[in-house]
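Work through the exercises below with the sequence and the coordinates at hand. Each task is followed by a stepwise solution.

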Amino acid sequence: MGSIWEYANPVKFSQTVSRFLMPVAILAAIATIVGLVWGFFFTPDDYRQGSTVKIIYLHVPSALMAINIWFMMLVTSLIWLVRRHHVSALAAKAAAPVGVIMTLIALWTGAVWGQPMWGTWWAWDPRLTSFLILFLFYLGYIALWEAIDDPDTAADLTAVLCIVGSVFAMLSRYAVNFWNQGLHQGASIMRAGAVTGSDVEEKVSNVFFYPLMMCIIGFVLFFIALVLLRTRTEIHKRRTRALLARERMA
Amino acid sequence: MKALLFRDLKLAFRAGGGFGLGIAFFLIVVILVPFSVGPESGLLTKIAPGVLWLGALLACLLSLDRILALDWEDGTLDLVATSPLPLEGVVTVKALAHWLTTGVPLVVAAPVFGVLLNLPPQGFVWLVTSLALGTPALSVIGTFGAALTVGIKRGGLLLSLLILPLYVPTLIFGAELARRGAEGQDITTPLFMLAGITFGVIALLPFASALVLRMNLR
């Protein structure tokens with residue numbers, strides 16, 4: 001009792017999901033709604049950015065999730081390759097589309113914020129570019145899942161792609177940093193400090209910080225609920241396919 | 001392994017092997033660029049390193065699905081896999097053959113195309129260096145992509161989608177090296193970074209390619 005590997009059993013996993021899905025989803029909804037309402041209506045406008053600053057309540061959580069979802073996929077892919085638990089591979093598959101949407105939300109809210117503040121929808125800033133590349137990685141990953149018929153081969157190949165992709169994604173991050181400095185020497189308009197994760201803790205005052213934390217917690221719980229639900233759906237889908245195949249045999 | 005290499009080279013050079021295709025594609029890209037951005041020589045000088053790198057990368061990409069797909073279809077790959085050769089060695093040889101038939105001609109032809117795009121004289125050395133150093137990485141990464149998608153019918157487009165993000169670091173440092181060389185700036189950092197990527201990729205990625213190929217052959 002107590003080992004996490006017990007949940008590698010699809011039946012046990014489904015049962016546990018059924019028990020926890022509703023509470024997690026409800027908590028996610030409460031945290032997100034409280035965080036957003038608090039952030040949008042009960043915090044003062046920033047003295048320089050005005051009310052546009054409030055988009056951080058969507059932008060920062062989604063950007064955080066976009067990166068962490070890929071990281072979660074990396075961990076589950078490794079578990080699949082090492083221990084061959086199907087639930088793990090299916091969880092990675094289930095998480096990828098959520099990751100794409102989070103990346104899109106981060107890019108979109110960033111553009112909406114950048115239009116009035118930087119005067120442009122898009123700039124080839126290192127951070128923006130990295131997210132665009134991350135978006136491409138997600139697309140490739142999902143496309144590979146869709147393209148392969150045999151589920152085990154698909155799980156294997158996408159897991160390797162995820163691992164190799166992670167290495168290249170980090171490499172791209174540093175390459176892009178270098179590339180931009182190389183092109184725009186001394187440019188300072190792109191100093192996007194206001195919305196970055198590290199600056200949030202250092203610079204953003206507590207008035208903004210607490211509702212932001214609330215939103216982040218909400219997004220994390222929302223993601224957990226979605227992945228649990230989608231993984232269970234994948235398990236059911238596979239089960240249905242197996243039953244149908246068995247029926248055809250009989 | 002030597003036999004395998006010579007076999008791949010022979011297949012590529014014979015008619016229908018697609019040996020000249022990559023270079024012809026490269027030429028067309030280079031010719032089309034002035035049509036699309038205008039014949040201004042100052043502008044061409046400025047974008048020449050980037051365009052040449054992009055052209056080389058696309059030409060490389062074009063021939064990737066030939067690395068393994070044909071051998072997969074006619075069953076050669078199964079035979080090779082059951083032979084005592086380690087699969088890691090096989091994919092390395094495949095990447096080497098691809099580089100010899102695609103990368104090397106691109107490197108040789110690049111200076112000529114540089115003239116077409118009005119590349120400044122001091123840029124040629126670094127253009128050739130960057131391509132010579134960078135194209136092996138393109139071949140090795142491409143072989144990984146080819147191994148991933150080998151079991152998929154008409155996987156060419158998917159291959160491009162998977163490989164292009166992986167090409168980003170190589171492209172950035174390669175083009176940066178060529179650009180800095182052309183503008184007479186300090187080239188140490190991109191040179192070392194590009195070399196690091198290429199050698200790192202050659203050392204590590206064949207293992208991933210072989211692993212993926214084994215999964216596909218199962």
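**Exercise 1: Positive phi in two loops**

A:R84 sits in the loop that joins helix 2 (56-83) to helix 3 of chain A. The model is a predicted one.

Task: State the sign of phi at A:R84, and decide how exposed A:R84 is. Then treat B:N118 in the same way.

Solution.
1. Phi of A:R84 is positive, about 55°, although A:R84 is not a glycine.
2. Around A:R84 there are 13 other C-beta atoms within 10 Å. A residue counts as exposed at 12 or fewer and as buried at 20 or more, so A:R84 is partly exposed.
3. B:N118 belongs to the loop between helix 6 (87-116) and helix 7 of chain B. Its phi is near 65°, again a positive value in a residue other than glycine.
4. B:N118 has 18 other C-beta atoms within 10 Å, so this residue is partly exposed.

**Exercise 2: The surroundings of A:A111**

Task: Which residues does A:A111 contact, leaving aside its neighbours within four places in sequence?

Solution.
1. A:A111 is part of helix 3 (residues 86-118) of chain A.
2. With those neighbours left aside, A:A111 is in contact with A:W121 and A:W122.
3. A:A123 is 12 residues from A:A111 in sequence, and the C-alpha to C-alpha distance between them is 9.0 Å.
4. A:A111 has 15 other C-beta atoms within 10 Å, so it is partly exposed.

**Exercise 3: The fold of chain B**

Task: How many helices and strands does chain B have, and how does its radius of gyration relate to the globule rule?

Solution.
1. Chain B has 9 helices and 0 strands, in the order α-α-α-α-α-α-α-α-α along the sequence.
2. Its radius of gyration is 18 Å and the globule rule gives 17 Å for 218 residues, so chain B is as compact as a globular protein of that length.
3. The C-alpha trace of chain B spans about 55 × 35 × 30 Å along its principal axes.
4. Of the 218 residues of chain B, 51% count as buried. Among its contacts between residues at least 6 apart in sequence, 82% join residues at least 24 apart.

**Exercise 4: Helix 8 and the nonpolar core**

Task: Where is the kink in helix 8 of chain B, and is this helix enclosed or open?

Solution.
1. The kink, of about 40°, is at B:Y167, shortly before the proline B:P169.
2. Of the 28 residues of helix 8 of chain B, 23 are buried, so the helix is largely enclosed by the rest of the structure.
3. The largest nonpolar core has 135 residues, of which B:L52, B:A56, B:I141 and B:V212 touch the most other members. Helix 8 (residues 156-183) of chain B gives the largest share of this core, 15 residues.
4. Not counting residues up to four places away in sequence, B:V212 touches A:L157, A:V160, B:F144, B:A147 and B:L148.

**Exercise 5: The interface and the confidence**

Task: Which helix gives the largest share of the side of chain A that touches chain B?

Solution.
1. 22 residues of chain A are in contact with 22 residues of chain B.
2. Helix 4 (126-147) and helix 5 (151-183) of chain A each give two or more residues to this side of chain A. The largest share, 13 residues, comes from helix 5 of chain A.
3. The residues of this side divide into 17 nonpolar, 4 polar and 1 charged.
4. The model scores ipTM 0.87 and pTM 0.87, and the mean pLDDT of chain B is 88.

Technical notes
Residues numbered from 1 in each chain as written. Chains lettered and ligands numbered in written order. Predicted model: local features only at pLDDT ≥ 70, side-chain atom pairs only at ≥ 80, totals over all residues. Contact = placed C-beta atoms within 7 Å. Helix = DSSP H or I, 4+ residues; strand = E, 2+ residues; numbered from the N terminus. Nonpolar A, V, L, I, M, F, W, Y, C, P; charged D, E, K, R; others polar. pLDDT = per-residue confidence, 0-100. Core = buried A, V, L, I, M, F, W, Y, C linked by C-beta atoms within 7 Å. Bend = angle between axes of the 7 residues up to and from the residue. Rg over C-alpha atoms; globule rule 2.2 N^0.38 Å.
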